Amino acid sequence: MTQQLDEQQIKKIQKYDAQQRYFYLLKEVVKNSQIWLLVDEHGCVMLNTEDEDCVPVWPNQEFAEAWATEEWSHCKAEAISLQKWFDRWTHGLEEDELALVVFPDQNSEGLIFFPDEFDFELRQQVKKSRAKK
């Protein structure tokens with residue numbers, strides 16, 4: 001079970017730059033064994049850059065839900081288990097030629113990764129986490 005973030009923690013994390021949010025996401029996803037998306041009846045929310053169609057991912061329910069406003073107010077935050085991510089999502093995103101935008105802020109800014117790069121980084125974080133135990 002994941003621990004809910006309080007308002008003070010949320011405000012602190014929202015001040016992180018893209019690189020800090022990325023490292024925070026890696027640690028949280030591995031610690032909680034889940035990654036968060038926003039979904040509706042058609043699938044997950046997408047963000048577009050000039051070059052890529054991206055699936056945004058968040059480390060915690062609170063940050064995903066904060067995006068469920070205006071045009072996405074009908075969307076719901078959904079957790080994907082880390083194992084399901086490794087088993088299906090990386091390959092599926094690659095097949096669909098989609099990238100990931102990691103923990104975008106309210107200005108839609110976040111680091112962009114190809115699924116295989118993100119998978120590698122997550123697996124490295126899993127190894128680090130296991131080595132500490």
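Which element supplies the largest share of the lining of the largest pocket? In this predicted model, the answer is α5, with four residues. The pocket itself holds about 230 Å³ of space. Its lining is made up of Val30, Lys31, Ser33, Leu82, Gln83, Phe86, Arg123, Val126, Ser129, Arg130 and Lys133. Three helices, α2 (18-32), α4 (82-95) and α5 (115-132), each contribute at least two of the lining residues. In chemical character the lining is mixed, with four nonpolar, three polar and four charged residues.

Two residues of this lining deserve a closer look, beginning with valine 30. Val30 is one of the residues that line the pocket, and its place is in helix α2. Valine 30 counts as buried because its relative accessible area is 11%, under the 20% limit. Beyond its neighbours up to four places away in sequence, valine 30 touches Leu82, Leu122, Gln125, Val126 and Ser129. Among these partners, Leu82 and Val126 also belong to the pocket lining, as does Ser129. Leucine 122 lies 92 residues from valine 30 along the chain, yet the C-alpha atoms of the two are separated by 7.4 Å.

Serine 33, another lining residue, sits in the loop between α2 and β1. Its phi is near 55 degrees, a positive value in a residue other than glycine. At 41% relative accessibility, serine 33 is partly exposed. A similar backbone feature appears in serine 108, which has a positive phi of about 65 degrees although it is not a glycine. Serine 108 is found in the loop between β6 and β7 (111-113). With a relative accessibility of 40%, serine 108 also counts as partly exposed.

Attention now turns to the interior. The largest nonpolar core has 41 residues, and the members that touch the most others are Val57, Trp85, Phe118 and Leu122. At least two residues of this core come from each of α1 (7-14), α2, β1 (34-40), β4 (53-57), α3 (61-65), α4, β6 (99-102) and α5. The greatest contribution is that of α2, which gives six residues. Phenylalanine 118 shows how such contacts are spread: leaving out residues up to four places away in sequence, it touches Leu25, Leu26, Ile35, Val57, Trp85, Leu100, Val102 and Phe113. Two of the partners of phenylalanine 118, Val57 and Trp85, are themselves among the members with the most contacts in the core. Leu122, also in that group, is a contact of valine 30.

How many disulfides does a search of the whole structure find? The search returns zero. For cysteine 54, the reason is distance: its sulfur is 11 Å from the closest cysteine sulfur, in cysteine 44, which is too far for a bond. Cysteine 75 is likewise in no disulfide, the nearest cysteine sulfur, again that of cysteine 44, being 9.8 Å away. Cysteine 54 is buried, at 1% relative accessibility. Cysteine 75 is buried as well, with a relative accessible area of 7%.

Two aspartates complete the description. Is aspartate 51 buried or exposed? Aspartate 51 counts as exposed because its relative accessibility is 68%, over the 50% limit. Its place is the loop between β3 (47-48) and β4. Aspartate 51 is 48 residues from alanine 99 in sequence, while their C-alpha atoms are 9.8 Å apart in space.

Aspartate 116, by contrast, is located in helix α5, and with a relative accessible area of 45% it is partly exposed. Setting aside neighbours within four places in sequence, aspartate 116 is in contact with Thr90 and Glu94. For the first of these partners, threonine 90, the C-alpha separation from aspartate 116 is 6.5 Å across 26 residues of chain.

Definitions and conventions
Residues are numbered from 1 along each chain as its sequence is written. This is a predicted model: local features need pLDDT of at least 70, side-chain atom pairs count only at pLDDT 80 or more; totals for chains, interfaces and linings use all residues. Side-chain values use heavy atoms; hydrogens and water are left out. On a 1 Å grid over the protein atoms alone, a cavity is a set of points where a 1.4 Å probe fits but cannot get out, and a pocket is an open set with protein on both sides within 12 Å along at least five of seven lines; lining residues have an atom within 4 Å of a point. Grid points are joined across faces, edges and corners, and a volume is the space filled by probe spheres set on the points. Ala, Val, Leu, Ile, Met, Phe, Trp, Tyr, Cys and Pro count as nonpolar, Asp, Glu, Lys and Arg as charged, and the others, Gly among them, as polar. A disulfide is a pair of cysteine sulfur atoms within 2.5 Å. Buried means under 20% relative accessible area, exposed over 50%, partly exposed in between (1.4 Å probe, protein chains only). A nonpolar core is a set of buried Ala, Val, Leu, Ile, Met, Phe, Trp, Tyr and Cys residues joined through side-chain atoms within 4.5 Å. Contact means heavy atoms within 4.5 Å.
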